[in-house]
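The following exercises concern the sequence and structure shown below. Each task is followed by a solution that proceeds step by step.

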Amino acid sequence: MTHYLSVDLGATSGRTVLATFDNGRINMREFTRFDNPQIPVGGHLYWDLAHLYNEVLKALRKVAAEGLKLSSIGIDTWGCDVAFFGSDGQLLGMPYCYRDSHTDKAMDRYFADAMSAHEVYRRTGIQFMPFNTLFQLYTMRSNSSSSLAAASKILFIPDALIYMLTGETVCEQTVASTSQMLNADTGDLDEELLATLGLSRQQFGRLVKPGETVGRLTAQVQDATGVADIPIVAVGSHDTASAVAAVPAADANYAYLSCGTWSLLGIESQQPIITEESFRENFTNEGGLDGTTRFLKNICGLWLYEQCRKEWTDVPQNVNDLNALCLTSSCQSLLNPDDPRLAHPVSMTAAIREVLAETGQTLPKTPADYVRVIFRSLAARYVEVVGLLRQLSDIDIRRLHVIGGGSRNQFLMQFAADALKMPVIAGPTEGTALGNALLQVRADGLVSSLTEMRAIIARSIELIRYEPRQD
């Protein structure tokens, strides 16, 4: 029986999960949970990195208190954001939060001043979003940021925590790929892109790939927590990379959907797919496991549903009962969930009615109508994106694997299977922490391949298969 600690940090909360590997199976226990608030100060939004670091220390103290012996620790977080450290190793202020508005219109300014959009995409294959690290750093340089000017080290959030825990300076490939600064051909940060920012490759850590052991807890951390010199493994440090590692697929003929408030729908490709069509459709090529590429598209998830719920009063409070209302409606209207008007409306129900009215469709009247419209529209969007994936790749997509909290929604899963006309495999719901843990197990030499990891998941986690129903 071997224990591992997964540190899984999201954009609103964080947690640590104790994974136990025993006799070819893995068991997960939530160990600690904590908030990860955005800090508003001085007109900007920041992350409290010191708070996150301290929560990791608290978890390690609990490890010591329970007399557990950890084989390793792995850390995954969201992408794009970075922290700055001075030449003396000290943290230079709080890192910007990707939701901060300082990067508004930064992409257009960058393309006009530094490098064209086509050239940036040719080099990186990454979708364009204003909060990508490239545009964050460009904005900070344009605004004469004192933290950036004094930075000796620029580290992505999981790498920053590794540095604070071990003293080792690394740049894990999967999280670095979200920056739009990683060259898709070389697999390392693109020095010409860095030059447009007035930065050098030496300011970032040494490149490491998921599964590498990158350091051990410092003596100070050991003294502060009571644990030994536990090694830290650079897992899929971008949370989606660890989540995709947990997709329990037996072959390559599938697409995956990481389904929550937002969704990521894609495939694992053996090489980046960088074409005029992928550029036009804004697909991204992010780093994956074992040299693969996560070729995917960010699309709307259950955001529409969650925002509508806030407006409803006389509806079931149990989410499963609320979801089931879709069966009592016959509304056939469909909309594009990625319509920009649905991104941040004052009223989501009003925005949905506005979008549907434009095309002369039946307007939803009851919560049941809205639930049905949203679920069926999401399923239709999956069909569109899977169709694009088939056009852009040579993967013979025969089923959809759904991971994340949305996989619990049996009605959405069935609508997806019906619309796609292929099986939908739901689970695991906690894919990120599970993938994080299994990458540590593999680094420990207890499993030898990604295929074996996924077989362990299939044995350890209950999966639900939804078959398409006849029309």
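Helices (H or I, at least four residues) and strands (E, at least two) are taken as DSSP runs, numbered from the N terminus. The model is predicted, so local features need pLDDT of at least 70 and side-chain atom pairs count only at pLDDT 80 or more, while totals for chains, interfaces and linings use all residues. Residues are numbered from 1 along each chain as its sequence is written, and side-chain values use heavy atoms, with hydrogens and water left out.

**Exercise 1.** Locate Gly125 and determine whether Gly125 is buried or exposed.

*Solution.* Step 1: Gly125 lies in the loop between helix 3 (117-124) and helix 4 (133-142). Step 2: buried means under 20% relative accessible area, exposed over 50%, and partly exposed in between (1.4 Å probe, protein chains only). Gly125 has 0% relative accessibility and therefore counts as buried. Step 3: contact means heavy atoms within 4.5 Å. Leaving aside residues up to four places away in sequence, Gly125 touches Val120, Ile274, Phe283, Thr284 and Asn285. Step 4: Ser278 is 153 residues from Gly125 in sequence, yet their C-alpha atoms are 8.4 Å apart.

**Exercise 2.** Carry out the corresponding analysis for Asp159 in helix 6.

*Solution.* Step 1: helix 6 comprises residues 157-166 and contains Asp159. Step 2: the relative accessibility of Asp159 is 0%, so Asp159 counts as buried. Step 3: with residues up to four places away in sequence not counted, the contacts of Asp159 are Val170, Cys171, Glu172 and Val175. Step 4: Val170 is 11 residues from Asp159 along the chain, with 6.0 Å between the C-alpha atoms.

**Exercise 3.** Describe the open sheet of 6 strands and the helices on it.

*Solution.* Step 1: two strands pair if DSSP finds at least two bridges between them. The strand order is 3-2-1-6-12-11, with mixed pairing. Step 2: strand 3 (25-35) and strand 11 (212-216) each have a single partner strand, so one side of each is left without a neighbour in the sheet. Step 3: axes are lines fitted to C-alpha atoms, for helices over the stretch in contact, and angles run from 0 to 180 degrees between N-to-C directions. From one strand to the next, the twist averages 25 degrees. Step 4: strand 11 pairs with strand 12 (residues 231-234) in the antiparallel sense over 4 bridges, and Thr213 has Val233 of strand 12 as its bridge partner. Step 5: helix 18 (residues 450-460) lies across strand 2 and strand 3, at about 85 degrees to strand 3.

**Exercise 4.** How do the axes of helix 15 and helix 16 cross, and what lies beneath each helix?

*Solution.* Step 1: the axes of helix 15 (residues 367-392) and helix 16 (residues 410-420) come within 9 Å and cross at roughly 45 degrees. Step 2: angles under 35 degrees count as roughly parallel, over 145 as roughly antiparallel, 65 to 115 as roughly perpendicular and the rest as oblique. The two helices, helix 15 and helix 16, are therefore oblique to each other. Step 3: helix 15 lies across strand 13, strand 14 (262-269) and strand 16 (293-300), at about 150 degrees to strand 16. Step 4: helix 16 lies across strand 13, strand 17, strand 18 (424-426) and strand 19, at about 160 degrees to strand 18. Step 5: strand 13 (residues 255-259) and strand 17 (residues 400-403) pair in the parallel sense over 4 bridges, where Leu257 has Val402 of strand 17 as its bridge partner.
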